[in-house]
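Visitor: Before we begin, may I ask you to set each value against the rule behind it as we go through the structure?

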Amino acid sequence: MTGRKATKFPLPLSSVMDKSSKRKATENKNVARSAQSQRGEVVKASHVSRGAPELISRSAPKAARKLALNSAAAVAVKVSTQAASESGMLVSSAVRRAMVDRLAMQGIRDPQVLAAMEASPRHLFLDEGLASQAYIDASLPIGYQQTISQPYIVARMIEILRDNRKKGELNRVLEIGTGCGYQALVLSMVSRDVYSIERIKGLHELAKNRLRPLRVPNIRLHFGDGMLGLPQVAPFDGIILAAAGMDVPHTLLEQLAVGGRLVAPVGGEKQSLQLIERISATKWSKAVLEECHFVPLLSGTV
Ligand code: SAH
């Protein structure tokens, strides 16, 4: 958090477990500061543990337990476990494990994705009043008439992205619609670098505040219109849209690497998840996968 020194790992609890009043004050301050444009900030590169996440649950699928998620996962697991035990809230790893079991029953198969979902403290991305509902499979309000995506759809989109020609390897990934930053965190555990764009300044600031204590080294948050993508960083192995447009902006298709995948909700009242794969410099394939419901993709910034 702003003004705190937390340069050593493991992090002191105080850097994660702010009193609500303090957190709100910091957020308000940051929102007030939002007139200054801050593009392309690294959330915070810092000291991270290099080992595999030793806290992945024992009852998780065997393959998932064997995984060495990247260091961000290790940090998230440790931080969330500290947070859970300190707050006494119903946010224990058992609750998250139950959520992951449900995801597996709903058809999520990719062990890396299941492990990343298990390691991601979703409750830390919600206001305290909603934190107890963090592990039910629902989208929940995050302010500005926007929502944190439902765990199932987060897992599903990332699973589709990883089911690629490079056998799941994702170097550079772009997310359109950071919201509170939860999906960016999950993505960071299965990708080398995650870039995420948000068009609402207050949410961009919120995501920074939510992610900062987790000290994830490989997420870069941008404030801007995601429909324009990030041409300066492209091409991307994967692009995820967390908001639904009537079609997928061509600019984004152009920013996909050949062999890369884009997953996006498309439609208005009735929406479906679409998978677009870049076959060659001039060819893309499209598959319509399943029904979904997302907030609208809008142009410009506010
Ligand atoms: N990824 C989030 C979901 C946030 S909801 C999660 O982890 O749960 C979708 C977000 O997309 C909203 O915050 C909305 O403001 C944002 N959005 C809509 N159109 C956008 C655009 N053109 N560029 C960037 N963000 C956009």
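Visitor: What makes strand 3 the element that gives the most to the shell around the ligand?
Guide: Strand 3 supplies three residues of that shell, the most of any element, where strands are DSSP runs of E with at least two residues and helices are runs of H or I with at least four, numbered from the N terminus. This is a predicted model, in which local features need pLDDT of at least 70, side-chain atom pairs count only at pLDDT 80 or more, and totals for chains, interfaces and linings use all residues. Residues are numbered from 1 along each chain as its sequence is written, and side-chain values use heavy atoms, with hydrogens and water left out.

Visitor: Which elements each supply at least two residues of the shell, and how many residues surround the ligand in total?
Guide: Strand 3 (146-148), strand 4 (172-176), helix 7 (182-188) and strand 5 (193-198) each supply at least two. The ligand is surrounded by 26 residues, with Ser-149, Gln-183, Glu-198, Gly-226 and Leu-298 the closest, and a residue is near a molecule if one of its heavy atoms lies within 4 Å of it.

Visitor: Why is the pair between Asp-225 and the ligand called a polar contact?
Guide: A polar contact is a pair of N or O atoms within 3.5 Å; an N or O atom in the side chain of Asp-225 is 2.9 Å from a nitrogen atom of the ligand, so the pair meets the rule. Taken alone the ligand exposes 580 Å², of which the protein buries 99%, with areas from the Shrake-Rupley method and a 1.4 Å probe.

Visitor: What are the distances from the ligand to the backbone atoms of Gln-183 and Arg-199?
Guide: For Gln-183, a backbone N or O atom lies 2.8 Å from a ligand oxygen atom, while for Arg-199 a polar backbone atom is 3.3 Å from a ligand nitrogen atom.

Visitor: What makes the space taken by the ligand a cavity?
Guide: On a 1 Å grid over the protein atoms alone, a cavity is a set of points where a 1.4 Å probe fits but cannot get out, and a molecule sits in one if more than half of its atoms lie within 2 Å of its grid points. The space taken by the ligand is the largest cavity, and that cavity holds about 330 Å³, a volume being the space filled by probe spheres set on the points.

Visitor: Which residues line the largest cavity closest to its centre?
Guide: Among 29 lining residues, those closest to the centre are Gly-177, Thr-178, Gly-179, Glu-198 and Ala-242, and a lining residue has an atom within 4 Å of a point. Strand 3 gives the most to this lining, with three residues.

Methods:
A polar contact is a pair of N or O atoms within 3.5 Å; within protein, one must be able to donate a hydrogen and the other to accept it, and residues adjacent in sequence count only if both atoms are side-chain atoms. On a 1 Å grid over the protein atoms alone, a cavity is a set of points where a 1.4 Å probe fits but cannot get out, and a pocket is an open set with protein on both sides within 12 Å along at least five of seven lines; lining residues have an atom within 4 Å of a point.
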